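Work through these short exercises with the structure open. Try each task before you read its solution.

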Amino acid sequence: MPILFVDLETTSVREPWLPGGRQIWQLAVIRREDDGNETAYNRFIHLDELSLSLRVG
């Protein structure tokens, strides 16, 4: 089963719903397969493209 390693870079450590709260500006993911092969993904995010709404469940 593949494993994903996810790293987010944000503008601050404050909660996103507070004024001046954090926003994601970089997303990096590494997918490691069972055989050890890895695929990397890196994306810089323009803050005006970003929606901080997240639905879980």
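**Exercise 1.** How many bridges join β2 to strand β3, and in which direction do the two run?

*Solution.* Keep in mind that this is a predicted model. Start with the ranges: β2 covers residues 24-32, and β3 covers residues 38-44. Seven bridges join the two strands, which run antiparallel. Next, find a facing pair: L27 of the β2 range stands opposite R43 in β3. Last, look at the link. β2 and β3 make a hairpin, with five residues between them. In the turn, G36 has a positive phi of about 95°.

**Exercise 2.** Decide whether Q26 is buried or exposed, then list what Q26 is in contact with.

*Solution.* First, place the residue: Q26 lies in strand β2. Second, take its relative accessible area, 16%. Buried means under 20%, so Q26 is buried. Third, set aside neighbours within four places in sequence. Q26 is then in contact with D7, L8, E9, N42, R43 and F44. Fourth, pick out N42: its side chain makes a polar contact with the side chain of Q26, at 2.9 Å.

**Exercise 3.** Which residues make the nonpolar surface patch of about 250 Å², and how is F5 classed by accessibility?

*Solution.* The patch is made by I3, F5 and I30. Now locate F5: it sits in strand β1, residues 3-10. Its relative accessibility is 39%. The partly exposed class lies between the cut-offs of 20% and 50%, so F5 counts as partly exposed.

How values were computed: Residues numbered from 1 in each chain as written. Predicted model: local features only at pLDDT ≥ 70, side-chain atom pairs only at ≥ 80, totals over all residues. Heavy atoms only, no water. Helix = DSSP H or I, 4+ residues; strand = E, 2+ residues; numbered from the N terminus. Buried < 20%, exposed > 50% of the residue type's maximum accessible area, 1.4 Å probe, protein only. Polar contact = N/O pair within 3.5 Å; in protein donor to acceptor, adjacent residues only side chain to side chain. Contact = heavy atoms within 4.5 Å. Pairing = 2+ DSSP bridges. Patch = residues over 30% accessible without salt bridge, like charges linked within 9 Å, V, L, I, M, F, W, Y side chains within 5 Å. Areas by Shrake-Rupley, 256 points an atom, 1.4 Å probe, with all protein chains shown as cover. Salt bridge = Lys/Arg side-chain N within 4 Å of Asp/Glu carboxyl O.
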